[in-house]
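Let's take a walk through this protein together, with the sequence and the 3D view open side by side. We will begin with a pair of packed helices and work outwards from there.

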Amino acid sequence: MINRNQPSGWMTRNRELFDWVVETAWLTKASRVVWCDGSEQEERRLTDLAVATGALIPLNQDKRPGCYLHRSNPNDVARAEDLTFVCTASRDEAGPTNNWMPPSEAYRKMRGWLEGSMHGRTMYVVPYLLGPAGSKFAKVGVELTDSLYVVLNMRVMTRMGRTALEQLGESGEFNRGVHCTLDLDPKRRLICHFPQDNTVWSAGSGYGGNALLSKKCFGLRIASCLGRKEGWLAEHMLILGIESPQREVTYVAAAFPSACGKTNLAMIRPPASLAGWRVFTVGDDIAWMRVAPDGSLWAVNPEAGYFGVAPGTSVHSNPNAMETIARDTIFTNVASTPDGDVWWEGMSREPVDGMLDWQGRPWHSGSGENAAHPNSRFTAPMRNNPALSPSTGDPQGVPISAIIFGGRRASTVPLVFESFDWTHGVYLGATMGSETTAASSGRIGVVRRDPMAMLPFCGYNMGDYFAHWLAIGKKLRHPPRIFMVNWFRKGSDESFLWPGYSENMRVLKWIVDRTQSRVSADETPVGFLPRAADLDLTGLNISAEQLKEAMAVRAEEWLPELDLQERFFARIGETLPPELEVEREALIAGFEQSRQEGHSSLLKF
Ligand code: GTP
Ligand code: SPV
Ligand code: MN
């Protein structure tokens, strides 16, 4: 069936790749092996097959050309953090925040599951490139999978097929991803990372971040390990370009935890009242960043598509996303309308009559249940984005002038503030907290520490990761400024204090002004806060009182926060860089001093 000595046709002359594919086909007893070339013909053939097998349901092709719906197993709708492991030789390498298993144990256990698991099935060989073709930043991965849904998503999310094999050539350096659907029984579900082998094995889930191995598995967990070794950063960040009325473009990268607003900020359309400002998307989820010879930080988006949260996306909140998903899009776990279109909570005020919910059951608006799953998603090619930055495919990437950290915090954290310097900025990122969301299975709405939005995605010891950030800072002659934002602070009536979405442009404008040293700021113990006059609120209907609440820095909120940070640092243990503990003590001293000066709260607005 498979001839070891004849790598046939165009597939590959790469011996290591060929041997590994044969080995895995042998292990899984796949009945067919199909090499994906990334062509349009192939896409049509595989899409037809996915429709025939029920993996994809065609949507109304007049309304949404090239769009399909996928309904996942209801037990498989989010990343499974409990079942995600970093398998390094020692537990310390994985660190206290990762699940750990010895590599030999993980391989043995999963090999048992994989043996014969593709008998009667097709194993697809999916070569892909992360990063622009020809870029020094770019890396090759190959995913072997028995899921057509995964193949079709990988086609959108990455530069898939021939391009990747061309970049790989005969080198042996590629990420080896093995993905097997099995029977979707959570008891046989595991996502295991082997950084020393540049390998990921994933079994028992078909969902996004568990199964599209280019994304969180290679793009962040393994890439963060490669970055540490090679001196760069793999981050859970969007990248955008902000063009001022004077046509200067400032690039910004921002890390928010899952389902906390990256795609929305990356695609922001400025409000009409901020005339002349334009924003372009470079990436919406992952940034690979390096110190360039000029001493500044440059970033590329390794991906080629968006795997975005559907609920809350509308023509009002994110018109660029709505245009992007008008065609060529795979929708996962959204509701469907009688005329073959899609719907989710927040898409329109009134739901459509006669819909099927995300599980394909008739849905009634009074039922109290969601029509779309809260973590339902769209997979859309970035080329559809009307605001796509012309620099997205630039092999050099873009120079980053500001880094923004942000979480989902109902209290404590003000709308925006700036760190004193790089080390303080690393501290702000390292101590970030955020409320958990539906993007990961488990409880929703509990505040947890999520340093740099990387808690679930760092492939090595978090303390070493902080040290790596500090080391990168030492190499930067022109470091980006570091900011913290919070779109999610709530008032006493539980509603959001800040309107968010397109209005976040006002905060971006202040950040750009700071990077250009055009405005000064007020110093508080937590960092620099904007002065009221410097935040452009033209055309925005927000009361002074509400803004004050959104901006407030209160000792009584921050002191318990500092306790939580202390506990988190204790958990990191001895790998925690001492510089960060120094920052924490300085912050406590700052609050102490302001208390002695008689301010119980620091209302700067
Ligand atoms: P992942 O793809 O999981 O990494 O998520 P993300 O960080 O890209 O989050 P996304 O932009 O998809 O937003 C997640 C949810 O937050 C959506 O339901 C949005 O509608 C909502 N959201 C985004 N921006 C804002 C904002 O400025 N204010 C408020 N209140 N909600 C927002
Ligand atoms: C996230 O959860 O941060 C996502 C979706 O972007 S997933 O691809 O599942 O990781
Ligand atoms: Mn994400």
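In this predicted model, helix α2 (residues 40–53) packs with helix α5 (residues 148–157) at an angle of about 145°, and their axes are 10 Å apart. On the α2 side, the contact is made by Glu43, Leu46, Thr47, Leu49, Ala50 and Thr53, while α5 brings Leu148, Val151, Leu152 and Arg155. If you rotate the view to look at how the two cross, you will find that α2 passes α5 in a left-handed crossing.

Now zoom out to the whole chain. The protein is divided into domain 1 (15–55 + 79–230), domain 2 (235–305 + 389–596) and domain 3 (307–383). Between domain 1 and domain 3, the C-alpha centres lie 28 Å apart, and nine residues of domain 1 are in contact with nine residues of domain 3.

Next, look inside. The largest nonpolar core has 92 residues, and Met289, Ile403, Phe405, Phe466 and Trp469 have the most contacts within it. At least three residues of this core come from each of domain 1 and domain 2. Trp469 is a good residue to click on: leaving out residues up to four places away in sequence, Trp469 touches Leu233, Glu235, Met237, Ile403, Phe405, Trp422, Val426 and Met452.

Two of those partners, Trp422 and Val426, lead us to helix α11, where both are buried. Helix α11 (residues 422–430) is mostly covered, with eight of its nine residues buried. Besides Trp422 and Val426, the buried set holds His424, Gly425, Tyr427, Leu428, Gly429 and Ala430. What do the buried residues of α11 pack against? Their partners are the strands β23 (398–406), β24 and β27 (481–485), together with the helices α12 (462–475), α15 (555–572) and α16 (578–596).

Strand β24 (416–418) also serves as a packing partner for the buried residues of α14, as do β29 (528–529) and β30 (553–554). In helix α14 (residues 544–551), the buried residues are Leu547, Ala550 and Met551. They cover an arc of only 90° around the axis, so they sit on the same side of α14.

Finally, follow the loop between β29 and α14 to find Leu537. Leu537 has a relative accessible area of 23%, so it counts as partly exposed. Apart from its neighbours within four places in sequence, Leu537 is in contact with Trp498, Arg506 and Leu547, and Leu547 is one of the buried residues of α14.

Conventions: Residues are numbered from 1 along each chain as its sequence is written. Chains are lettered from A and ligands numbered from 1 in the order in which they are written. This is a predicted model: local features need pLDDT of at least 70, side-chain atom pairs count only at pLDDT 80 or more; totals for chains, interfaces and linings use all residues. Side-chain values use heavy atoms; hydrogens and water are left out. A nonpolar core is a set of buried Ala, Val, Leu, Ile, Met, Phe, Trp, Tyr and Cys residues joined through side-chain atoms within 4.5 Å. Buried means under 20% relative accessible area, exposed over 50%, partly exposed in between (1.4 Å probe, protein chains only). Domain bounds come from an automatic or database domain assignment. Contact means heavy atoms within 4.5 Å. Helices (H or I, at least four residues) and strands (E, at least two) are DSSP runs, numbered from the N terminus. The arc is that of the directions from the helix axis to the C-beta atoms. Axes are lines fitted to C-alpha atoms, for helices over the stretch in contact, and angles run from 0 to 180 degrees between N-to-C directions. A crossing is left-handed if the near helix is turned anticlockwise from the far one by less than a right angle, and right-handed if clockwise.
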